[in-house]
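Subject: Structure handover

Hello,

Please find the structure below, with the sequence. My notes on the contact between the chains and on one of the sheets follow it.

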Amino acid sequence: MTSFPIPSNERERLKELRRLRFDEWGASAALSELCAIAAKLLGTSISHVSLVDENEQIFGGQVGLDVDRTAREVAFCAHTIMTSKPFVVENADSDPRFSLNPLVTDKPGIKSYLGIPLETSPGIRIGALCAVDRKPRSFSENDNPYSPRPDCGFNPQQP
Amino acid sequence: MTTLIALGQIAVSILNSHSMSLELDEQLAGAIALQNDMLPSEARIAQIQAHCPLDLSSYCNQRDGIGGDIWGIEVTGPQRVMIYIADFTGHGVAAALNAARFHSFVHMIWQRTGRPEPLLRKLNQRLCEVLPTGQFATMFCATIDFVMETMEYASAGAPPQLYRASSQHPFEVISQSSLPLGILRDFPYESKAIPFHAGGALILYTDGLVETPKPPKSILTADRLREFLDKADQNKDADQLCQSLVGRLFAEPKTKAFDDVTLVIAKHTGSVRESIIDYEV
């Protein structure tokens, strides 16, 4: 019996992961660079790109972590891939879904989490880009002084 | 948060590009293997060397993994071989596809001719039919007759090649004013016969050898190449000579070839062998 949510299109999702062959190219310098930018922009100590495989999440790129994977059952990103919206946990200690999670109670001591699902085609979410902090916090637009200019042409609702 | 969503889209693009890159690498590896198969195999060279007094060595490096350089050797009669080198315009996939097509044409035509001039003429006609404007190939072709101790050659716009008649002779340039293949359908290519005795040698190369790095910084100009060969130890076999030439070219680790580079060294080792290899002319 699994202790993590499973998307209804799990088979297609895993097939998409196989297509990307992420297990063959290992950690990506480009993705780690992207994580470094994300961490800097949001002022967090940890950021990672998590690819959620059948039983574990594998970090395709990361800053601030000293592991390259964790079990899926403890992965915050396993929840992020359930919808197409950002997944936010402002205080893991007070969230019954995560308060006993070893990633919260032990290293790296996650207290707040923002995950953006990585969708390669409509509904197929293979993982997440995450910003993680060791202290409780919110992730409102006001916290980020680097939001895109309104006239830059980027529309997050229309990827 | 909006910024992180934008970065997430970039992450997806990176993931897709990694996967595409892996796939392209695999396809390229397959194409490289196929193109290498078009060059004479070590087994075939050994077979020819066992029956002809010929010492042969080659170096072929396509700049993009695959490319438009190609060379070959065929047995055209008892104690007679035909050796050629060709270079298609451009680099990469398009040039490699042309080289593959060219390889088939050569194999079909040499069996009906066995001599340089008719081979070039017929190849030119064929290539004029199939090549788009702006694509062409340079080619140098020689037939070596070890019994008659002669070499007959013809060039189609190839750079000057180097040759010496025997171990007693210095290297000299052999060249012809001619057009590359695939430009003018009725161009009159010509063969020329010259002596080729024991100790003689033929050095075939594509322009990448004398244009690395790009001129005017080239390490081996045609003159320097001839000087190098004249000064080289006469006792060096073809492999050693080939290695020392390529070693000279890439002595500086920073040296980078901007073109495909092919070098073929054929040395006449002396006595004619009695056995005769299968040939199809």
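The contact between the chains comes first: 33 residues of chain A are in contact with 18 residues of chain B. Please keep in mind that this is a predicted model.

On the chain A side, the elements that give two or more residues to the contact are three helices and two strands: α1 (10-20), α2 (22-25), α3 (29-42), β5 (112-121) and β6 (124-133) of chain A. The largest share comes from α3(A), with seven residues. Sorted by class, the side of chain A that touches chain B consists of 23 nonpolar, five polar and five charged residues.

The second item is a sheet in chain B. Five strands make up this open sheet, in the order β1-β10-β9-β6-β7 (chain B), and their pairing is antiparallel. Its edges are β1 (54-61) and β7 (172-174) of chain B, each of which pairs on one side only. From one strand to the next, the twist averages 20°.

At the β1(B) edge, the partner strand is β10 (residues 261-268) of chain B; eight bridges join the two, which run antiparallel. Within this pair, Leu56(B) stands opposite Ala266(B) of β10(B).

A helix also packs on the sheet: α6 (residues 222-231) of chain B touches β6 (161-164), β7 and β9 (201-205) of chain B. The direction of α6(B) makes about 25° with that of β6(B). Note that the label β6 turns up in both chains: residues 124-133 in chain A and residues 161-164 in chain B.

Regards

Notes: Residues are numbered from 1 along each chain as its sequence is written. Chains are lettered from A and ligands numbered from 1 in the order in which they are written. This is a predicted model: local features need pLDDT of at least 70, side-chain atom pairs count only at pLDDT 80 or more; totals for chains, interfaces and linings use all residues. Two residues are in contact if their C-beta atoms, placed from the backbone, lie within 7 Å. Helices (H or I, at least four residues) and strands (E, at least two) are DSSP runs, numbered from the N terminus. Ala, Val, Leu, Ile, Met, Phe, Trp, Tyr, Cys and Pro count as nonpolar, Asp, Glu, Lys and Arg as charged, and the others, Gly among them, as polar. Two strands pair if DSSP finds at least two bridges between them. Axes are lines fitted to C-alpha atoms, for helices over the stretch in contact, and angles run from 0 to 180 degrees between N-to-C directions.
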